[in-house]
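Biologist: Could you take me through one part of this model slowly, with every term spelled out? I would love a close look at a pair of aromatic rings, and at what surrounds the pair.

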Amino acid sequence: MRKLGAELGVEGMALYRHVAGKQALLAGVVELLLEKLEVPAAGAKTWDEAWLALARSYRRLAHDHPGGFRLLALSPLSAAERFDRAQVSVGILRDAGFDEQTARLAFGTLLSYADGYLLRELADSRRDRAPDDADAAFEFGIRAILAGLEPRRAAA
């Protein structure tokens, strides 16, 4: 908080007039990042196309804000679930026919894959992979999970 205060030209303690503490400030950063996530309009796409669009938007967010993304990706899943954008993501799965428990498990699985892939991608200092290859690799994983979920949806 002292460093942030110095960056803003105020005493670190002055920040506590605006936020309860460091954790509240970091939660606000996560919330701001999630607001940048592009959510497909309801009914505009099939459930798997909607999720692929979400994953692509999440990846863009990671590349646009790599420092903030690390904070988002490493926050507990329970923290992500409390934001509206996360509820829309789970809602796409529920609307597709998944029961509540399976929708939440699927959300956690898709998010965990995306977070892990993107953290690794951001940490890769070699950057020897062509952008098209990185796009294809990320989408391959998302599509594989979505395909694995389809039988559960069909059974619901």
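**A pair of rings up close**

Modeller: Happy to! Let's start with Tyr113, which is partly exposed, its relative accessible area being 23% (partly exposed lies between buried, under 20%, and exposed, over 50%, with a 1.4 Å probe and protein chains only). Its partner, Phe138, has a relative accessibility of 2%, so Phe138 counts as buried. Please keep in mind that this is a predicted model, where local features need pLDDT of at least 70, side-chain atom pairs count only at pLDDT 80 or more, and totals for chains, interfaces and linings use all residues. Residues are numbered from 1 along each chain as its sequence is written, and side-chain values use heavy atoms, leaving out hydrogens and water.

Now for the rings themselves. There are six aromatic pairs (rings of Phe, Tyr and Trp, the last by its six-membered ring, with centres within 6.5 Å; planes under 30 degrees apart are stacked, over 60 edge-to-face, the rest tilted). Tyr113 and Phe138 form a stacked pair, because their ring centres are 6.1 Å apart and their planes meet at 25 degrees. Tyr113 sits in helix α7, residues 100–123, while Phe138 sits in helix α8, residues 131–155, so this pair ties together parts that are 25 residues apart in sequence (helices here are DSSP runs of H or I with at least four residues, numbered from the N terminus).

The picture does not end with two rings: ring pairs also bring in Tyr117, linking Tyr113, Tyr117 and Phe138 into a cluster. So, as you look at the model, find the partly exposed Tyr113, then the buried Phe138, and then Tyr117, which completes the cluster with them.

Methods. Helix = DSSP H or I, 4+ residues; strand = E, 2+ residues; numbered from the N terminus.
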